[in-house]
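Got the viewer open? Let's take a walk through this one, a stop at a time, with something to select at each.

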Amino acid sequence: MKILGIESSCDETGIAIYDTEHGLIADQLYSQIELHAQYGGVVPELASRDHVRKIVPLIQQACQEANLQLKDLDAVAYTAGPGLVGALLVGACVGKSLAWALDLPAIEVHHMEGHLLAPLLETDKPEFPFLCLLVSGGHTLLVDVQSLGDYKILGDTLDDAAGEAFDKTAKLLGLPYPGGRYIAELAAQGDATRFKFPRPMMNRPGLDFSFSGLKTHTRVAWEKAQDDCKNEAETQQLKADIAACFQLAVVDTLTKKCLRAIKQTGHQELVISGGVSANIALRETLAVMGQKHRFKSYFPSMKYCSDNGAMIAFAGAMRFTHKVTAQNALIKAYPRWSLEQLS
Ligand code: KG4
Ligand code: ZN
């Protein structure tokens with residue numbers, strides 16, 4: 001079975017083809033980051049227009065890469081939500097129309113289920129059930145995953161998502177958008193012990209997160225300490241130290257909540273996915289923690305941490321082979337959509 005996957009929920013147009021016998025046979029990605037960088041964040045209308053411009057050429061390139069024609073496909077999967085409604089509608093219209101024209105099933109995929117299943121594309125992959133930490137620009141979720149479509153949300157963010165906190169802190173420090181990667185690079189040169197930043201919601205029971213207080217704390221610390229810098233070199237070092245202290249606070253909070261969830265659920269396998277799962281400090285901390293507390297962590301490869309078409313083609317293939325595809329006669333997009341609503 002060959003499933004075409006279409007991702008267009010935010011600022012990446014991703015097109016891939018997953019073959020249930022041979023794995024991924026095409027993977028095309030176009031990132032709009034440069035387009036939005038000048039505005040310091042994603043401009044929804046520009047995102048939709050750029051998806052319109054790129055989506056069909058990328059489908060053609062994917063077919064060329066896999067050396068097949070559209071008529072050789074068995075199903076079309078597309079991200080139906082959550083995300084920016086205009087951007088989602090581009091993928092939904094193209095996906096559904098293509099499926100109708102080719103007389104194929106159209107599969108609506110939940111973007112976060114795509115992230116959640118992405119580590120299953122790897123050779124060393126987890127088995128159901130497992131615990132999953134989803135950390136992206138829009139979500140911070142701890143999910144008890146029993147099987148495909150059987151998801152229970154154990155923890156959520158009360159305000160900013162982890163990636164959003166990285167991006168806002170990067171903006172504060174004058175770094176480019178999206179800033180997670182730049183904070184991580186800067187943090188590697190900083191002293192994470194210089195300031196003691198708060199660990200939000202750690203002294204309360206439960207598995208929810210909150211990052212907006214940490215963001216404010218970071219801003220106040222940065223503004224206050226800048227006044228004491230005597231030259232540019234000191235300011236640059238301060239910037240790196242602030243990035244390191246901020247990153248440590250986020251990583252510490254995320255990993256300790258994972259450990260709490262592992263103890264609560266009894267899972268021994270932890271999947272971490274979404275853009276922030278590319279963070280090296282997060283990966284290293286979980287590796288050490290896993291050895292001590294006997295759990296194993298699974299991450300997607302770096303290129304599948306952020307948004308991509310491969311995870312949507314793969315999630316579509318899983319749903320198609322397990323016959324859990326919602327059939328919908330209309331072209332629909334769901335800007336807000338809980339993982340718990342899936343079947
Ligand atoms: O999953 P994703 O590509 O898009 C959403 O679905 O939101 O995640 C993007 C987020 C951004 O906030 C970005 O700054 C963050 O992932 N990110 C990182 C790193 N690489 C990307 N955050 C921390 N460290 C990184 N190395
Ligand atoms: Zn995403």
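Start by selecting Arg194 and Asp241: they form a salt bridge, and the closest N and O atoms are 2.8 Å apart. Arg194 is in the loop between helix 6 and helix 7 while Asp241 is in helix 8, so this pair ties together parts that are 47 residues apart in sequence. Now switch on a surface. Arg194 is partly exposed at 38% relative accessibility, whereas Asp241 is buried at 3%. Keep in mind as you click around that this is a predicted model.

**More salt bridges**

How many salt bridges does a search of the whole structure find? It turns up 15. For another, pick Asp160 and Lys215, whose closest N and O atoms are 2.9 Å apart. This pair also links distant parts of the chain, with Asp160 in the loop between strand 8 (150–155) and helix 5, and Lys215 in helix 7, 55 residues away. Asp160 is buried, with a relative accessible area of 7%, and Lys215 is partly exposed at 22%.

Next, select Lys230 and Glu234, whose side chains meet in a salt bridge at 4.0 Å, N to O. Here Lys230 is exposed, with a relative accessible area of 71%, and Glu234 is partly exposed at 32%. Then go back to Asp160 and Lys215 and add Glu164 and Lys168 to the selection: salt bridges with shared partners join these residues into one network.

**Helix 5 and its surroundings**

Select residues 162–172, which make up helix 5. Which residues of helix 5 are buried? Color Ala162, Gly163, Ala165, Phe166, Asp167, Thr169 and Ala170 to see them. To find what covers them, show strand 6 (130–135), strand 7 (140–147), helix 6 (180–187), helix 7 (212–226) and helix 8 (232–265), which are among the covering elements.

Step just past the end of helix 5 and you reach Gly174, with a positive phi of about 75°. Carry on to Tyr177 and Pro178, which are joined by a cis peptide bond with omega of about -10°. Pro178 sits in the loop between helix 5 and helix 6.

There is another cis peptide bond to look at between Phe128 and Pro129, where omega is about -5°. Pro129 is in the loop between helix 4 and strand 6.

**A residue inside helix 8**

Stay with helix 8 and select Thr253. Buried or exposed? Thr253 is buried, with a relative accessible area of 1%. Show its contacts, leaving aside neighbours within four places in sequence, and you will find Arg199, Pro200, Met202 and Phe209.

**The zinc ion**

Now zoom to ligand 2, a zinc ion. Its protein donors are His111 (NE2), His115 (NE2) and Asp307 (OD), at 2.0 to 2.1 Å. Along the chain, the donors follow the spacing H-x3-H-x191-D. His115 is in helix 4 (residues 111–117) and Asp307 in the loop between strand 10 (296–298) and helix 10 (310–321), so the two tie together parts 192 residues apart in sequence. His115 is buried at 1% relative accessible area, and Asp307 is buried at 13%.

Check the geometry while you are there: the angles among the four donor atoms run from 94 to 139°, and the site is irregular.

**Out to the surface**

Select Val85, Leu89, Trp100 and Ile331, which make a nonpolar surface patch of about 350 Å². Val85 is in helix 3 (residues 85–102) and is partly exposed, at 42% relative accessibility.

From there, go to Lys332, in the segment after helix 10. Lys332 is partly exposed at 34% relative accessibility. Leaving aside neighbours within four places in sequence, Lys332 contacts Tyr78, Ala80, Ala92 and Glu108. Try a distance label too: the C-alpha atoms of Lys332 and Val94 are 12 Å apart, although 238 residues separate them along the chain.

**Last stop: two positive phi values**

Select Asn67, which is not a glycine but has a positive phi, near 60°. Asn67 is in the loop between helix 2 (44–66) and strand 4 (75–81), and is exposed at 72% relative accessibility. Finish at Asp103, another non-glycine residue with a positive phi, about 60°. Asp103 lies in the loop between helix 3 and strand 5 (106–110), and counts as exposed at 72% relative accessibility.

Notes:
Residues are numbered from 1 along each chain as its sequence is written. Chains are lettered from A and ligands numbered from 1 in the order in which they are written. This is a predicted model: local features need pLDDT of at least 70, side-chain atom pairs count only at pLDDT 80 or more; totals for chains, interfaces and linings use all residues. Side-chain values use heavy atoms; hydrogens and water are left out. Patches are made of residues with over 30% relative accessible area and no salt bridge: like charges are joined within 9 Å, nonpolar side chains (Val, Leu, Ile, Met, Phe, Trp, Tyr) within 5 Å. Accessible areas come from the Shrake-Rupley method with a 1.4 Å probe; for residues, only the protein chains shown count as cover. Helices (H or I, at least four residues) and strands (E, at least two) are DSSP runs, numbered from the N terminus. Buried means under 20% relative accessible area, exposed over 50%, partly exposed in between (1.4 Å probe, protein chains only). Donors are N, O and S atoms within 2.8 Å of the metal (3.2 Å for Na, K and Ca); water is not among the atoms, so sites may look incomplete. Four donors count as tetrahedral if all angles lie between 85 and 135 degrees; four count as square planar and six as octahedral if opposite donors are over 155 degrees apart and all others between 65 and 115; anything else is irregular. Contact means heavy atoms within 4.5 Å.
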